[in-house]
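User: I would like to learn how to read the packing and the confidence values of a model like this one. Could you take me through it step by step?

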Amino acid sequence: MTLQQLEYVIALDNHRNYVKAAKSCYVTQPTLSMMVKKLEDEIGVSIFDRNKKPLQPTKTGVEIISKARQILREVNYLKAYVNKETENIEGEYTIGIIPTVAPYLLPLFITAFTNRYPRTYLNIKEMQTDQIIDGLNKGTIELGIAATPLETSSLREIPIYNEPFLLYDKPNDSKTNASKNINPSQLDINDIILMDEGHCFRDQALALCGNKKARKHKFPFEYKSGSIEAIKNLVDKGMGKTLVPELSVLGETNRKNITRFKSPEPVRVISLIVHKSFTKEALIEALHGIISSAVPDRFTKKQKFKRVKWR
């Protein structure tokens, strides 16, 4: 028994004519007739007396049709409730954001969001990508903001913006020229200070440099860090180079230590991520709209970008 079969039964009772009933349901007459007969065979009862003209429900059929109408009313009430809930974003939601995005993106949009939606409370946690995937699948978080694609069938990705990679070098390096862009092929991975394993930005940097894994670097120390700022401070002191996402240097006035890549610029795609069962479309739209308006326009406009594949 299906809701569709119940809809056909009600349509047939309303019109008392197979052709008219089928037309009202946007199906062929044989399809409607077959589905109603299949339902009757399943429950072992004739709903309609086909020997009468016009078509009439049987005594038992009258009761079945009444119950069918009640069921479909309840289903319609449930659909209306779900639609209302889909549009309502009040409440508390937990969001996981990767560490290389959170400190730079949150200050750009969180005030505007909380001012516009004062009854929506965001519980924000810095989480690595695998933790976000696990949290979404287990239901411990509702949303994620991370670099995509993740290639996880249970999750839905809603791209927000493309964020360029930049080379960050010490300010007095004569090789660094803000007016001269470079190719990723010019980079030596052994000169690059990378983030610790487990951070997707490390994997993206390795992919950008054309290396599946880093060899032993040239530095007389090993520093495992999840902080872009800590690595930038090391570079400022003359220790190697690093790759940074553009938002991490957006507010810096000294641009002599920044070099852009030649077009098409390598970028990472930052997306909202939810489980495919997540129904709060209005919340997705609200976050997407505010975040995309908060980042630089060039991040969201169609330009010649090269998305770095890292998974």
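User: Which residues of the largest nonpolar core touch the most other members?

Analyst: The general idea is that in soluble globular proteins, nonpolar side chains tend to be buried together. In this predicted model, the largest nonpolar core holds 67 residues, and L105, L143, I145, Y161, L243 and L287 are the members that touch the most others. The most is given to this core by strand β6 (residues 155-168), which supplies eight residues. If you follow L243 outwards, leaving out residues up to four places away in sequence, you find that it touches L166, L167, L187, I192, F201, A205, L208, C209 and F261. A second core, separate from this one, has 19 residues, among them I10, Y18, A21 and A68.

User: How many aromatic pairs does a search of the whole structure find?

Analyst: The search finds two. In one of them, F113 and Y117 are tilted, with 5.0 Å from centre to centre and 45 degrees between the planes; F113 is buried at a relative accessible area of 0%, whereas Y117, at 22%, is partly exposed. The other pair, Y161 with F299, is stacked, at 5.8 Å centre to centre and 25 degrees between the planes. This pair links distant parts of the chain, since Y161 belongs to strand β6 and F299 to helix α10 (residues 297-300), 138 residues apart. Both Y161 and F299 are buried.

User: Is D13, in helix α1, buried or exposed?

Analyst: The cut-off for buried is under 20% relative accessible area, so D13, at 13%, counts as buried. D13 lies in helix α1 (residues 3-15), and beyond its neighbours within four places in sequence it is in contact with F48, P57, I65 and R69. Compare L108 in helix α5 (residues 102-116), which counts as partly exposed because its relative accessibility is 34%. L108 touches L247 and A294, again not counting residues up to four places away in sequence.

User: Where does pLDDT stay under 50?

Analyst: Where pLDDT is low, the predicted coordinates should not be read in detail. Here pLDDT stays under 50 over residues 173-178, for which the model has ten contacts beyond four places in sequence. For the chain, the mean pLDDT is 85, and 88% of the residues reach 70 or more. Among the elements, strand β5 (residues 143-148) has the highest mean pLDDT, 95, and helix α7 (residues 200-208) the lowest, 76.

Technical notes: Residues numbered from 1 in each chain as written. Predicted model: local features only at pLDDT ≥ 70, side-chain atom pairs only at ≥ 80, totals over all residues. Heavy atoms only, no water. Core = buried A, V, L, I, M, F, W, Y, C linked by side-chain atoms within 4.5 Å. Buried < 20%, exposed > 50% of the residue type's maximum accessible area, 1.4 Å probe, protein only. Helix = DSSP H or I, 4+ residues; strand = E, 2+ residues; numbered from the N terminus. Contact = heavy atoms within 4.5 Å. pLDDT = per-residue confidence, 0-100. Phe/Tyr/Trp six-rings, centres within 6.5 Å; stacked < 30°, edge-to-face > 60°.
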